[in-house]
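Thanks for coming. I have a few minutes on one structure, and I will spend them on how its parts fit together.

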Amino acid sequence: MAAPGARSCSLSGLLPAQTSLEYALLDAVTQEEKDSLVYQYLQKVDGWEQDLSVPEFPEGLEWLNTEESISVYRDLCGKVVVLDFFTYCCINCIHLLPDLHALEHTYSDKDGLLIVGVHSAKFPNEKVLDNVKSAILRYNITHPVVNDADASLWQELEVSCWPTLIILGPRGNMLFSLIGEGHREKLFLYTSIALKYYKDRGQIRDNKIGIKLYKDSLPPSPLLFPGKVTVDHVSNRLVIADTGHHRILVVWRNGQIQYSIGGPNPGRKDGMFSESTFNSPQGVAIMDNIIYVADTENHLIRKIDLEAEMVSTVAGIGIQGTDKEGGAKGEEQPISSPWDIVFGRSGPEVQRDDILWIAMAGTHQIWAFLLDYGRLPKKNELKKGTCLRFAGSGNEENRNNSYPHKAGFAQPSGLSLASEEPWSCLFVADSESSANLFAFGDVDGVGINAKLQHPLGVTWDKKRNLVYVADSYNHKIKVVDPKTKNCTTLAGTGDASNVIGSNFTDSTFNEPGGLCIGENGQLLYVADTNNHQIKVMDLETKTVSVLPVFRSESAMVDGPFPAEKQKTLPRLPKSAPGIRLSPVAASPGQTLQFKLRLDLPSGTKLTEGAPSCWFLSAEGNEWLLQGQIPSGEIESISSQPTISLQIPGDCLSLEAVLSISVFLYYCSADSSACMMKGISFSQPLQITDTQQDYIPPVELKYIF
């Protein structure tokens, strides 16, 4: 079907008719009246002499979650289509996703509905396809998404706001637009009546669109988009918000998991560790075996008691709030997308932390939760458990002001407290401001001459009186001297990749989202979000390593983690070498032996307790592995295992290839840097009736 001649290709053509509809809906009392008004509106719009047609998607754009690119006038003919113009950094766009998920669960493409995300980037970093892919995974977007990096469709339609929804009829004809968040009722009303209207006219087709989810192609990972990390300075444990797995991990300094709470799927449930669930948690803070969690997409502040092994809710009601003042008791106070939290004190005379500061990204404010009776500046005495706004007007803006409630923030996403004199201040990573709402970049410099791009994390180094910043979209870690206001790059090249270099500047990151100081100022832990890792930066030796997060048999892991998920074998990294061995002839019933002879670099050792292992695979010839021991651990380099394989009595092929894959976790002798390496050996097998008396063991040699 060719695109019809367009009356106009901008949203302004809809404005007069839709404005009249929305005024009429204000006076409607019953659902029947509302349905009737929308139906009459569609009769009017559908009867226009020429359709108000959306332009075709430009050729050459990159598509995700689909088998191939989509055409409005070829593939979407006969569908009611919701176009979601979004950019993945925008908190308002994130707030809209639950409404779209709910709509998808109500109507499918078989019913005639399809949602298409049109990613129109704000920041240069958001134009990169790999970064859009990561966002799709983080937010569990399962509908088609097109990366319109140059915002060509946005410009043609004169879209002006993130997010904007445009609802199309089955001819590519524009029917409705919804600007901003908070239109769930209208979205469902307009969509449902549009489906009914065009079904009544026989114009809806139930053909399926070829969906191929990007997430289905990914290997399993110990971490998935970790957002924030913090240190328990008493026990030297780390607390990690394993955001993509919807869980909180408590790990020892060597990376061994002590507790896994929540996951792997999103949910909202208090109770014992074994039944508790979270939804994309971000900020974490720990004190006296109590962890507080910014449970971002549940719009809650949660409390984890490690001694009682219980999770409870201390603030929020579980749905997004619009209140910009607060003041109610925590569990009665609606809040909106808390992104980070940090402990603080209400005054210099207070002896212990009595406030939990909250970066409330959803309302562009800084809030406080009272852990004890106390007083905020210019506030009366407040009851324990009170949750209220401390700073920020609630408007998305970049405005400094001596009155906290008149200051303006834009999606604050990181917090760190410098409580000691002369600082006595709270540092905020105000992500959408960067420098101001539309002035961003990657420039080292002093004060406003420095430029960042969507910073998400900040931490105070009281040993050196410095602030470290996760400059997320520049893929760098930067350092700020608050005395001179000088901002410089500490680590990262600016490329979104995963290189562990010989020094800070050679190493790379991919949208790091959180960071914290540990080991008395020696180590800087970084949640390298899109690399699914915790990086460890030694501030004294200037080296970078990866924290090997792993389980052990003795670890107490209580989260509801499916058994089949635990048994999933890892995939080798793409960089792993592959060695093809000489063919071996064997007859049914004979046993082959493979002796591992792997050498680590000088001065290194296997990481104690980490899951170094081997496993077998035989793609296309899985019969070869029936009844075999398919995997095993490697506990020592000095005593490596011998792997046995007995050729089955019933062979389905005379030729097969056996793959022996090996994962090794090792670290330097002083454990200051840890690495993971993999290798694969391919062993061609020739099955023969000729019985051999002896088949010598095959040595699998490699020097890393």
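The domain assignment splits the protein into four pieces: domain 1 at 11-215, domain 2 at 220-314, domain 3 at 434-557 and domain 4 at 578-703. Keep in mind that this is a predicted model.

I will stay with domain 1 and domain 3. Their C-alpha centres are 37 Å apart. In the contact, domain 1 contributes 11 residues and domain 3 contributes 13 residues.

How much area do domain 1 and domain 3 bury between them? About 940 Å², and carbon and sulfur atoms account for 53% of that. On the domain 1 side, look at Lys122, Phe123 and Asn125. Together these residues supply 50% of the area that domain 1 buries against domain 3, more than any other three residues.

Now the polar side of this interface. Between domain 1 and domain 3 there are seven residue pairs in polar contact, counting pairs with both residues at pLDDT 80 or more. The face of domain 1 that touches domain 3 is made up of five nonpolar, three polar and three charged residues.

How many salt bridges cross from domain 1 to domain 3? The rule finds one. Arg138 and Glu511 form a salt bridge, with their closest N and O atoms 3.8 Å apart. The cut-off is 4 Å, so this pair counts.

Last, an annotation. The unreviewed UniProt entry marks residues 443-483 as "repeat: NHL". In the model that span is 46% strand and 0% helix, and its end C-alpha atoms lie 19 Å apart.

That is what I have; questions are welcome.

Terms used: Residues are numbered from 1 along each chain as its sequence is written. This is a predicted model: local features need pLDDT of at least 70, side-chain atom pairs count only at pLDDT 80 or more; totals for chains, interfaces and linings use all residues. Side-chain values use heavy atoms; hydrogens and water are left out. UniProt positions are given in the numbering used here, feature names are shortened, and annotations may be inferred rather than shown by experiment. Helices (H or I, at least four residues) and strands (E, at least two) are DSSP runs, numbered from the N terminus. Domain bounds come from an automatic or database domain assignment. Contact means heavy atoms within 4.5 Å. Buried area is the accessible area (1.4 Å probe) that two parts lose on being put together, summed over both. A salt bridge is a side-chain nitrogen of Lys or Arg within 4 Å of a carboxyl oxygen of Asp or Glu. A polar contact is a pair of N or O atoms within 3.5 Å; within protein, one must be able to donate a hydrogen and the other to accept it, and residues adjacent in sequence count only if both atoms are side-chain atoms. Ala, Val, Leu, Ile, Met, Phe, Trp, Tyr, Cys and Pro count as nonpolar, Asp, Glu, Lys and Arg as charged, and the others, Gly among them, as polar.
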